[in-house]
Amino acid sequence: MITEAINERYTSLSETSCCLSCGGAINHAKPQPGETCVDLGSGRGNDVIRLAEEVGENGFVFGIDISEGMIAKANATLEKFEVQNARILKAELESLPLRDDSIHLVISNCTINHASDKPAVWSEVYRILKSGGRFVVSDIYAVQPIAEKYRNDPAAVAECWAGSVTRAEYLTMLEKAGFNDIKIFEESEPYAKGQAEVASFTISGRK
Ligand SMILES: C[S@@+](CC[C@H](N)C(=O)[O-])C[C@H]1O[C@@H](n2cnc3c(N)ncnc32)[C@H](O)[C@@H]1O
């Protein structure tokens with residue numbers, strides 16, 4: 001149900017230019033030439049293209065998304081700009097079709113809050129990263145725990161607020177997944193979204 005609501009919402013937004021990000025993960029990620037990178041929830045593919053330019057012909061970028069419209073839009077853009085070193089994969093965040101210890105950098109912008117099983121997502125991020133590899137993620141957290149009646153409401157989760165966990169829960173999840181060197185680059189003031197008060201931050205950590 002949640003996957004269907006996400007596919008519906010984001011397919012309808014794929015041909016618009018409205019901003020779907022909640023921070024500047026890519027601006028803090030510092031991809032290096034030759035690196036292999038992943039963008040979780042790659043949407044229209046803009047960050048994938050930027051990463052692909054920065055890692056160059058000896059690097060590679062995977063975008064991961066589940067919405068058909070977003071995948072089609074990102075593929076059309078990659079084709080238009082003749083990007084050879086990037087590929088969009090259709091997959092759930094909880095089950096990444098990527099090898100263990102194969103990735104230098106994972107980025108994500110305003111996506112992990114949608115996932116039903118966030119510890120599984122972070123465990124996957126840890127699994128695919130090389131030792132010493134890093135993530136830089138912009139995401140939304142809830143100022144207070146989201147009310148039970150909204151937590152599994154597919155439309156509310158797809159709107160980027162009902163799936164969010166609190167800041168403390170977020171940080172605990174990262175620690176439990178095994179990450180160290182956790183840093184917060186930027187953090188917003190609380191703001192209203194849907195039926196909740198949320199905030200956004202850009203956070204990094206290392207395997
Ligand atoms: C808010 S948009 C952000 C898109 C892009 N990162 C940006 O900043 O413009 C969230 C994206 O994540 C994708 N997404 C949401 N939940 C997902 C999941 N469980 N697995 C894979 N992709 C997901 C959506 O299809 C959508 O393209």
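This is a short talk on the fold, the core, the strand pairing and the ligand shell of one chain.

Two remarks before the structure. The model is predicted, and local features need pLDDT of at least 70, side-chain atom pairs count only at pLDDT 80 or more, while totals for chains, interfaces and linings use all residues. Residues are numbered from 1 along each chain as its sequence is written.

I start with the overall picture. The chain has eight helices and eight strands. Both are DSSP runs numbered from the N terminus: helices are H or I with at least four residues, strands are E with at least two. The C-alpha atoms fill a box of roughly 45 × 40 × 30 Å along the principal axes. The radius of gyration is 16 Å, which agrees with the value near 17 Å for a compact globule of 207 residues. That radius is taken over C-alpha atoms, and the globule rule is 2.2 Å times the number of residues to the power 0.38.

Next, burial. A residue is buried if 20 or more other C-beta atoms lie within 10 Å of its own, exposed if 12 or fewer, and partly exposed in between, with C-beta atoms placed from the backbone. By that count, buried residues make up 45% of the 207 residues. As for contacts, two residues are in contact if their C-beta atoms, placed from the backbone, lie within 7 Å. Of the contacts with a separation of 6 or more, 75% join residues 24 or more positions apart.

Which residues touch the most other members of the largest nonpolar core? They are Cys-37, Val-38, Val-61, Val-106 and Ile-107, in a core of 59 residues. Strand 5, residues 129-142, gives the most to this core, with seven residues. A nonpolar core here is a set of buried Ala, Val, Leu, Ile, Met, Phe, Trp, Tyr and Cys residues joined through C-beta atoms within 7 Å. Take Val-38 as an example: leaving aside neighbours within four places in sequence, Val-38 is in contact with Phe-62, Ile-64, Leu-98, Ile-103, Val-106 and Ile-128.

Val-106 also turns up beside Val-125, which sits in helix 5, residues 118-128. Val-125 counts as buried because it has 26 C-beta neighbours inside 10 Å. Outside four places in sequence, Val-125 is in contact with Val-106 and Phe-135.

Now the strands. Two strands pair if DSSP finds at least two bridges between them. Strand 5 is mostly covered, with eleven of its 14 residues buried. On strand 4, residues 103-109, the pairing with strand 5 is parallel, over six bridges, and Ile-107 stands opposite Val-136. With strand 8, residues 196-206, strand 5 pairs in the antiparallel sense over nine bridges; there Tyr-141 stands opposite Ala-199.

Strand 8 has further partners. Strand 6, residues 180-187, pairs with strand 8 in the antiparallel sense over five bridges, with Glu-187 opposite Phe-201. Strand 7, residues 191-193, does so over three bridges, and strands 7 and 8 form a hairpin with two residues between them. Gly-194 in that turn has a positive phi of about 55°.

On to helix 3, residues 46-55. Its buried residues are Asp-47, Val-48, Ile-49, Leu-51, Ala-52 and Val-55. What do they pack against? The list is helix 2, strand 1, strand 2, helix 4, strand 3 and strand 4. Just after the helix, Gly-56 takes a positive phi of about 75°.

Most residues other than glycine have a negative phi. Cys-110, with phi near 60°, is a residue other than glycine with a positive value. Cys-110 is in the loop between strand 4 and helix 5 and counts as buried, with 20 C-beta neighbours inside 10 Å. Asp-181 has a positive phi near 55° and lies in strand 6. Is Asp-181 buried or exposed? Asp-181 is exposed, because 10 other C-beta atoms lie within 10 Å.

Last, the ligand. It is surrounded by 19 residues, and the closest are Ser-21, Gly-41, Gly-43, Ser-67 and Asn-109. Helix 1 (2-13) and strand 2 (60-65) are the elements that give two or more residues to this shell. A residue is near a molecule if its C-beta atom, placed from the backbone, lies within 6 Å of it. By class, the shell has ten nonpolar, seven polar and two charged residues. Here Ala, Val, Leu, Ile, Met, Phe, Trp, Tyr, Cys and Pro count as nonpolar, Asp, Glu, Lys and Arg as charged, and the others, Gly among them, as polar.
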